[in-house]
Amino acid sequence: MDDLTLLAKQIKHWGQKMGFSQVAISDLDVSDQKAYFDKYIQAGMHGTMQWLETHADLRFNVDKLVPGAVRAIVVRLDYLPDSPEFSKQLSDPNHGYVSRYAWGRDYHKLMRKMLKNFAIKIEQESSKFNYRPFVDSGPVLEKTLATKAGLGWKGKNGLTINTKAGSWYFLGELLVDIPLPIDKPIEEHCGQCVSCIKMCPTQALIKPYILDPRRCIAYLTIEHEGVIPTEFRQAIGNRIYGCDDCQIVCPWNKDTENSAHNDFQARPDVVKQSLLHLWQWDEKTFLEKTQGSPIRRIGYVRWKRNLSIALGNAPFSHENLDALKSGLNQNPIVDIHIKWAIDEQLNKQKMESLPNRQHLRLIRIIDKTNLDEHIAYVRRKTKPQD
Ligand code: B12
Ligand code: SF4
Ligand code: SF4
C-alpha cells in the first residue's frame with residue numbers, strides 16, 4: 001500500500017471515529033452537470049434563491065475555492081431523530097409538522113466545526129495541507145461530489161441515497177490539496193420505483209431526478225421569502241417547516257438507523273406543539289425558542305406565514321378562527337395568508353353546518369318512513385283474517 005492509499009484509509013477511519021457516519025473521496029470534476037445546471041437557472045427554477053446564480057462558474061471550478069485543491073473528502077452525517085412519528089404528526093392537522101432534519105440543532109455550524117477538527121486531526125497525523133470545509137454553504141454541488149465518491153446514488157427524488165442509510169443524512173466536505181486515491185460511485189437502486197414522484201403533494205418532482213423548487217414545500221416554507229402562491233396552500237397541509245414526503249415513501253428509508261448525535265434529537269417545545277400554541281409566540285419567544293435551531297433562519301414573518309397556512313388547513317374551530325383574526329394587521333405578507341386562512345376556516349364552518357342540517361332532515365324523513373311502515377306492518381299483522 002502506497003502512502004496516499006494508507007492515508008486515505010486512515011482518513012476514513014479517523015472521520016468515523018470523530019462522529020461522521022461515512023467518509024469517501026472524490027475528484028473535483030463536476031463538468032457533466034454544467035448543461036443541466038445552466039438549464040435549471042435559465043428556466044428560473046431557482047426562484048428567489050438568487051445565491052444559486054451567483055458564482056455559478058465557481059461551482060464548476062471548485063479548485064479555485066482552495067489553492068491547489070484536487071480532492072473532496074466528502075462526509076455523511078445521519079440526522080434521523082429517535083421516534084420520528086411521521087404518521088402521528090402528518091395525520092394531526094392541529095399540529096405543526098417540522099421536517100426531521102430541523103428537529104434538533106442547526107447542522108451547519110455543528111458540521112463545519114466537526115470538519116475543521118477533522119482537518120486538524122489529519123494535519124496532526126500527516127502534514128500541513130490546504131483545505132476548506134463546506135456544509136451547504138458555498139458554490140459546491142454537494143450531491144454530485146457525494147455521488148462521485150460513492151456515498152449514494154442520485155435518487156429520482158433528487159437526493160443522494162444509499163442502501164444502508166437511505167437519504168436521512170447531511171453532506172459536507174473538505175476540499176483538500178492532497179491527491180488522495182478516489183472512491184468509485186455506487187450503482188443506482190431506484191429501479192422501476194416512482195413512489196416519490198407519485199406522492200409529492202405539490203408535484204414538484206416534474207420528472208425523475210428533476211425537482212422544480214418553485215413547487216417544493218421545502219422551498220416554499222423555508223427559502224421563499226414572499227407570498228406563497230394560492231395553488232400550493234392547501235397541499236402544504238400542516239407542514240410549517242420543510243417537507244419529508246419524498247423521503248418517507250422511499251423504500252430505502254424504511255430500515256435506516258437513527259442519528260447517533262444528541263444534537264439532532266427533538267426539541268419538543270418547538271417541534272411537537274399544537275398550531276395554536278405556536279401561534280401565540282411573539283417574535284421574542286420565537287427567537288428564544290429557536291436559538292441554535294435551523295428554524296430560526298426563516299425569521300418571524302415566514303414562521304407566521306407558514307402557521308397561517310397550516311391554521312387555514314386545520315379543521316374548523318372558533319379558537320382557530322379567533323387566533324387568525326387576532327394576528328391581522330402586523331405584517332402585510334402575513335396578512336395575505338391570514339385572510340386566506342380565515343376564508344378557509346369559514347368555508348369549512350359552512351360545509352360543516354350544511355351537511356349537519358341535511359343530515360338531520362334525512363334522519364327525520366327516515367324516522368317518519370320507518371314509523372309509517374311500522375304502522376302499516378302492524379296493521380297488516382293485526383287485521384283480522386277473512
Ligand atoms: C438549493 C437547495 C435546496 C432547494 C432546491 C433543491 C434542488 N434540488 O434544486 C430546496 C429548498 C428545494 C431544497 C430542499 C431540500 N433539501 Co436541499 N439543498 C440545496 C443546496 C443548498 C443546493 C442544491 C443545488 O445545487 N441545487 C441546484 C440544482 C441545479 O441542483 P439539483 O436539483 O441537484 O439539479 C441537478 C439534477 O437536477 C441534475 N439534472 C438536471 N437535469 C437532469 C437530467 C438528467 C437526465 C439527469 C440524470 C440529471 C439531471 O443536474 C442538476 C445539477 O447537478 C444543497 C447543498 C449543496 N450546496 O449542494 C442542499 C441539499 C441538497 N439539501 C438537502 C436536504 C436535506 C434537503 C431537504 C430534504 C430538506 C427538507 N426536508 O425540507 C429538501 C429535499 C427536497 C428534494 N426532494 O430534493 C441535503 C441533501 C442530502 C442528501 N441526502 O442528498 C443537501 C445536500 C444539504 C446538505 N449539506 O446536506 N434544497
Ligand atoms: S420535499 Fe415535499 S414538496 Fe419537495 S419534492 Fe419532496 S415531497 Fe415534494
Ligand atoms: S422513492 Fe423510489 S424512485 Fe424515489 S428515490 Fe426512493 S427508490 Fe428512488
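**Exercise 1. Helix H13**

Task: In this predicted model, determine whether helix H13 is largely enclosed by or largely outside the rest of the structure.

Solution.
Step 1. Locate the helix: H13 covers residues 299-313, 15 residues in total.
Step 2. Apply the burial cut-off, which is 20 or more other C-beta atoms within 10 Å of a residue's own. The residues that pass are Arg302, Trp303, Lys304, Arg305, Asn306, Leu307, Ser308, Ile309, Ala310, Leu311, Gly312 and Asn313.
Step 3. Conclude: 12 of the 15 residues of H13 are buried, so the helix is largely enclosed by the rest of the structure.
Step 4. Check the geometry. From first to last C-alpha, H13 reaches 22 Å, close to the 21 Å expected at 1.5 Å a residue.

**Exercise 2. Val140**

Task: Place Val140 in the fold and state whether Val140 is buried or exposed.

Solution.
Step 1. Val140 sits in the loop that runs between strand E4 (131-134) and H5.
Step 2. Within 10 Å there are 24 other C-beta atoms. The cut-off for burial is 20 or more, so Val140 is buried.
Step 3. List the contacts, setting aside neighbours within four places in sequence: Arg59, Val62, Phe134, Leu145 and Glu173.
Step 4. For a long-range distance, take Leu278, which is 138 residues from Val140 along the chain; the two C-alpha atoms are separated by 35 Å.

**Exercise 3. The two domains**

Task: Describe the contact between domain 1 and domain 2.

Solution.
Step 1. The domain assignment gives domain 1 as 3-268 and domain 2 as 274-386. Their C-alpha centres are 37 Å apart.
Step 2. The contact involves 23 residues of domain 1 and 22 residues of domain 2.
Step 3. On the domain 1 side, H7, helix H8 (230-236) and strand E10 (239-241) each supply at least two residues. H8 gives the largest share, four residues.
Step 4. Sorted by class, this side of domain 1 has nine nonpolar, nine polar and five charged residues.

**Exercise 4. Two ligand shells**

Task: Set out the surroundings of ligand 1 and ligand 3.

Solution.
Step 1. Ligand 1 has 37 residues around it, and Tyr36, Glu142, Thr160, Ala218 and Gly242 come nearest.
Step 2. Elements that each supply at least two residues of the ligand 1 shell include helix H2 (34-42), helix H5 (142-149) and strand E7 (169-176). The shell holds 23 nonpolar, nine polar and five charged residues.
Step 3. Ligand 3 has 13 residues around it; Gly155, Cys190, Cys193, Cys196 and Cys250 come nearest.
Step 4. By class, the ligand 3 shell comprises nine nonpolar, three polar and one charged.

Methods: Residues are numbered from 1 along each chain as its sequence is written. Chains are lettered from A and ligands numbered from 1 in the order in which they are written. This is a predicted model: local features need pLDDT of at least 70, side-chain atom pairs count only at pLDDT 80 or more; totals for chains, interfaces and linings use all residues. A residue is near a molecule or strand if its C-beta atom, placed from the backbone, lies within 6 Å of it. Ala, Val, Leu, Ile, Met, Phe, Trp, Tyr, Cys and Pro count as nonpolar, Asp, Glu, Lys and Arg as charged, and the others, Gly among them, as polar. The expected span of a helix is 1.5 Å times one less than its number of residues. Domain bounds come from an automatic or database domain assignment. Two residues are in contact if their C-beta atoms, placed from the backbone, lie within 7 Å.
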